[in-house]
There are 4 protein chains.
Amino acid sequence: MQRKLRMGMIGGGRGAMIGGVHRIAAQLDGQIELVCGAFSRSAENSKASGRDLFLPDDRIYGSYQKMLAAEAALPEGDRMDFVTIVTPNDSHFPIAMAALDAGFDVVCDKPMTLTLAHARKLEKKVADTGLLFCLTHNYTGYPMVKEARELVRGGAMGKVRRLVVEYPQGWLATALEKDNKQAGWRTDPKRAGASCCMGDIGSHAENLAEYVTGLRIKEMCADLATFVKGRKLDDDGSVLLRFNNGARGILWASQIAIGRENGLNIRVFCERGALEWHQQEPNTLVVDWTDKPRELRRTATPFLGAAASAAARIPPGHPEGFLEGFANLYRNFADALRQRMAGKKVREATVDYPTVQDGVRGMAFLETVVRAGSSKQKWIAMKG
Amino acid sequence: MQRKLRMGMIGGGRGAMIGGVHRIAAQLDGQIELVCGAFSRSAENSKASGRDLFLPDDRIYGSYQKMLAAEAALPEGDRMDFVTIVTPNDSHFPIAMAALDAGFDVVCDKPMTLTLAHARKLEKKVADTGLLFCLTHNYTGYPMVKEARELVRGGAMGKVRRLVVEYPQGWLATALEKDNKQAGWRTDPKRAGASCCMGDIGSHAENLAEYVTGLRIKEMCADLATFVKGRKLDDDGSVLLRFNNGARGILWASQIAIGRENGLNIRVFCERGALEWHQQEPNTLVVDWTDKPRELRRTATPFLGAAASAAARIPPGHPEGFLEGFANLYRNFADALRQRMAGKKVREATVDYPTVQDGVRGMAFLETVVRAGSSKQKWIAMKG
Amino acid sequence: MQRKLRMGMIGGGRGAMIGGVHRIAAQLDGQIELVCGAFSRSAENSKASGRDLFLPDDRIYGSYQKMLAAEAALPEGDRMDFVTIVTPNDSHFPIAMAALDAGFDVVCDKPMTLTLAHARKLEKKVADTGLLFCLTHNYTGYPMVKEARELVRGGAMGKVRRLVVEYPQGWLATALEKDNKQAGWRTDPKRAGASCCMGDIGSHAENLAEYVTGLRIKEMCADLATFVKGRKLDDDGSVLLRFNNGARGILWASQIAIGRENGLNIRVFCERGALEWHQQEPNTLVVDWTDKPRELRRTATPFLGAAASAAARIPPGHPEGFLEGFANLYRNFADALRQRMAGKKVREATVDYPTVQDGVRGMAFLETVVRAGSSKQKWIAMKG
Amino acid sequence: MQRKLRMGMIGGGRGAMIGGVHRIAAQLDGQIELVCGAFSRSAENSKASGRDLFLPDDRIYGSYQKMLAAEAALPEGDRMDFVTIVTPNDSHFPIAMAALDAGFDVVCDKPMTLTLAHARKLEKKVADTGLLFCLTHNYTGYPMVKEARELVRGGAMGKVRRLVVEYPQGWLATALEKDNKQAGWRTDPKRAGASCCMGDIGSHAENLAEYVTGLRIKEMCADLATFVKGRKLDDDGSVLLRFNNGARGILWASQIAIGRENGLNIRVFCERGALEWHQQEPNTLVVDWTDKPRELRRTATPFLGAAASAAARIPPGHPEGFLEGFANLYRNFADALRQRMAGKKVREATVDYPTVQDGVRGMAFLETVVRAGSSKQKWIAMKG
């Protein structure tokens, strides 16, 4: 197929944050171009936002419903190939359902839905339509996360025993929601769902843990807390985890950890080795073995496995960062999409991006952790 | 008093590890000299060990009973002033009781006893005799731990909300106890008590958390694990904590964390600030505030509080380490002892070393964590 | 102007490295689109490369001469707005001259030319045509470099006294040029000019030093070395610097420093403060003062000056990296270009990208350092 | 020999800094005891200082001359075995000469003398008397410096090509000498000799470079500076080095580098590998190879060579620091001394402490660097 893939976007208008990140990431490799959008519930704001992005007026829509209908009606050579959803959490589900119904492949920001029930419905819809669905758990796009995964799954370190995954942030240590839009919807049960901290960032930690190890959380014991007065949802939480192979885990997420920016990190301890990765220094993977000194593996050096090598764009020593990791999801998704559009069965290796199943898993985590947080029972099984 | 204080030692003969550390730490400041010892249950090994240390034969004893009796019988100008106990855990209690009964002040390696009941008896004995008792939770001797404590307790950061304390080690990731003496007694329920990992290093984490914050653990939820086959005690454990002011905590200790040496670290998050300290880089305290960039406070620089300043010996930029921190306990103890020997009431500020109350607290932690680890009840109160 | 700026590219075909970086950086912010190119001296390779980038065949050219002529002949609404030159060093000069003669603004990879004489001619040409010229000394695009510059130039730290700037790499520690294209032209005097190490990376160090401090190198004393047998140009060099305000400097660049990736770093010591920055951890600026603890300033946090704040795209704690820094040059250049195309005088604050004057300065450095390296005279003045 | 070695001390009275460090280091391993001293030129201060150290009045002397005479007159079973000189630089030479003449082995703080001529005289005296002489270039006592040395000298890394050694401090960034005793004598040409910065800390850098590599400086090019107004000696200096095997070096020392404490560090680049060590994190050695990821070697782990292993006292993960490194000099010296006193030839491997030859070398460096600093000639040969 000798052309760029055409992306439409729902959400991400002026004043939004993550929409711009998606646009940069999607277009980073020159494989995808933004062709249309419904950027806001306000038709006026949508128009202004689309013009900022140099879109022609007839491809800027006042609502996602209008966009899906109009684009579906365009000839195949013109209409968008897939749609990216970057609206607040509460509208992910209806929009994704509608987009799939209209025949479009979907990229959706996380969390996928507000409830596990919705997640399962979406899962079924994806299966029924045969369309692709990518959920942007972007942190798994870093080269050294892929190296970590290959190291653990390859078996050289033996069985996983102990895992510690953390995502501390400090930006909600005060009642910022009073005058900050980003803080506002995240701490509002109506728009964010049953959890603030666990839904927003705990879910990234959960996803990273399962991605790197290939293990599944079996049961958990949780302690959720709300430290800022008047806040209605959790802003911190610690969770003990037990995995399906018997490994134990700690998951800690916090938005009141002053001084922490996006401190996502993971440590995995196996029988014969261990590894450690920090999102804020994403190009280094710390590797330990029982029988030799600590190794520092670095992005784009010649000492890495295939997956990590494929995920890097620039020479070693130049920071491969957040946008590049994010772009890897889009790159892999675009690759899968080209296969699907060519009528081929998508090769399994291509699907190195979070899918609707990861979304279901995330919602299962979220519903379980919220329940575990308020339960007097020590261990609560996680199903999903 | 124009002379050095005279120390006797019980335990710490050839092949032991911590005894040598105590001798170096005790004598570091030139305020204390080793004058006698019962270094081993084997009279022969005791003799050889004492000669290595250049002690005269008549001050090297074949048993602690003989030593306590003989030293007590010496004239005041000759006999030891206090005794240091560095035997395996199971004998701390009887030896400490005997030493106090014989009228000697005591320095005792941790854990203080094998059971909480013994800890309480010892506490009572210390109270009854009016003698001093120092428990070597040595990590609280580092200058920057004292700075951390002063920062948190001084109130500038507001109330403590969230605490994470960890002590990962990797040396027991394999069945080392088969041919390593140090590993052997630690993993033997008879000599180590009800716990290996929590007793040996979890207790340091507990002590550090309470020392820095001044808070008390109110209740806990624990998950203890034994990963190495055939091992009878825990080699890893994670604990959720709730403190008396409502703060939440995570305590993780592990001896199967490959690549970790003595990775004790603490992070404390308060309402207006936060701090982080790592034992392996002990001269840096990371300090965060809501309203300014991260600060790195460093040992012996002119920007520190009184307690941290007093605890440093050498110019900034020269690593103040483990031995110096350990020696701070002895220095403070020696100071208190000189006051007591001069018939004065010991000034409260002097007692900046762990006392028998810390030992009781430690045993309460240990008994609670072991119980919580095997309990199906989520939260177990900690009393003591 | 309600459209994207249109970029043409010369060089950067299949197998090249820096061309792809320029394309990503240029298009990162959605302000610029690639519309045409002459990607290789081989018309065939150029065609294939252009198709990879989804360009229409009639905008893919077989030579830069054809491209400049054809594009100039297109109507204003269609033709490219500016041209980016990413060919090997030896062709920068003729292509840049031709592009300016054809009326196109220019972005040029560094080093600008092979000789100082050519640099001066190019400087004159830029002045004569009134067109814009951007030289991609990309490392000055990092947010924290801008923060450093603002800190030093603002005067709060007092006069600069001592500067240490380094750029160690290790990739040429062996005779890699035997079978590596990138190593091949860099070590070939015909294509690389009078220097390998100093030209390729020493010039970045020089540019960074003058950018951050605003000082000018007055004279230098150099020791250049070639460690790999058979190599014809320097692969390592150390230089003592004296600046126009009396400050002293050390510049070290090396391509044989095993284990070093792109280890560019700078330390500046002033009368009342100091700062340190490392390209491989570009989001942290270490700041020291005589009267308070060390500060760590971080990209995108609320504690920064205007220039650093403007240069960040994503929330704090997400690595702002190499591509984003590179893109900042393009963003600033695009901003200036829009002003020029609108017939306005370009505002001085906009010109925060390296210009032809920086290129002249770089060539002056290079010619001086090569001369100083082989001179028996201790200090050699730098003019330019 | 079943007794501790007896040390006398000259200098190091109340208010001094380095004397206390020597006493701690000397006595750390329980092999050496302080038995007498002439702690000050003031007999009164000497007396008070000696009493602080619990010495009997008849072993506290009012001058070094009296001490040497009196101690020499004592019976062998009582008199000191060796003398430690910790006076200001200008008196090292006469005292050391007198001590050797009186038949005592000597430990002397650095720099050994004020001039190269005196250094050579002292060297001859040591040879003539057959006594031992230890110069406390203490930084070579760290375990990981010994590991570095073994790695480089063992040859696995191939020939040394490039070396960068630095010793930045910031404490003299202002005119501290106005009211600080330590700053006072160091910046006074009469007491400090021809150099402040190079003599005080540059000499440590020089010693470390030659210790680790086994190379000899052949010639140098220097730029010394005095940044603080009114100061008479250098407070910063950079030096280009050429070694006897063709390797190139940079040596930078500074006392005006704000924020730097005792930032001594060394980087050595060889044909097949490289290493890096920082005094402020002394327990980590960074090791790079051309064919595998970076290694971090750590003190007291099982992966080290014999010399590093022998130099550690405590388990891995506990900071082995400055005092322990300092003590290693005393331990090795004590070992050599016991051999000499037993009438044996001192085994070469024992002499892992700086000797009078290192002192000569240091003075040669100092005289050359001062000359090179003011010379217009580029390269000045170093002889000595």
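This report describes domains, chain contacts, a symmetry relation and a helix pair in a predicted model.

**Domains of chain A**

The domain assignment divides chain A into two domains, and each of them is made of two stretches of sequence. Domain 1 covers 5-139 + 329-355, while domain 2 covers 142-314 + 362-374. Between the C-alpha centres of domain 1 and domain 2 of chain A there are 26 Å. In the contact between them, domain 1 of chain A takes part with 16 residues and domain 2 of chain A with 21 residues. On the domain 1 side of this contact in chain A, nine residues are nonpolar, five are polar and two are charged.

**Chains A and B**

Two copies of a chain are related by a rotation about an axis and a shift along it. For chain A and chain B, the turn is 180° and the shift along the axis is 0.0 Å, and the superposition has an RMSD of 0.0 Å. Why is this the relation of a two-fold axis? A turn of 180° with a shift of 0.0 Å along the axis lays chain A on chain B, and that is therefore a two-fold relation. The residue of chain A that comes closest to the rotation axis is A:Lys378, whose C-alpha lies at 2.1 Å. Both copies use the same surface, since 100% of the contact residues of chain A recur in chain B.

**Chains C and D**

Chain C and chain D each give 29 residues to their contact. On the chain C side, five strands give two or more residues: S6 (160-168), S7 (217-225), S8 (236-243), S9 (248-254) and S11 (273-278) of chain C. S9(C) has the largest share of that side, with four residues. The chain C side consists of 13 nonpolar, seven polar and nine charged residues.

**Two helices of chain D**

Two packed helices are described by the angle between their axes and the distance between the axes. In chain D, helix H4 (residues 92-101) packs with helix H5 (residues 116-129) at an angle of about 10°, and their axes are 10 Å apart. Angles under 35 degrees count as roughly parallel, so H4(D) and H5(D) are roughly parallel to each other. The table names the residues that make this contact.

| Helix | Contact residues |
|---|---|
| H4(D) | D:Phe93, D:Ala96, D:Met97, D:Leu100 |
| H5(D) | D:His118, D:Leu122, D:Lys125, D:Val126, D:Thr129 |

By class, the residues of the contact of H4(D) with H5(D) are six nonpolar, two polar and one charged.

Key. Residues numbered from 1 in each chain as written. Chains lettered and ligands numbered in written order. Predicted model: local features only at pLDDT ≥ 70, side-chain atom pairs only at ≥ 80, totals over all residues. Domains from an automatic or database assignment. Contact = placed C-beta atoms within 7 Å. Nonpolar A, V, L, I, M, F, W, Y, C, P; charged D, E, K, R; others polar. Least-squares fit on C-alpha atoms with pLDDT ≥ 70 in both. Axes fitted to C-alpha atoms, helices over the stretch in contact; angles between N-to-C directions. Parallel < 35°, antiparallel > 145°, perpendicular 65-115°, else oblique.
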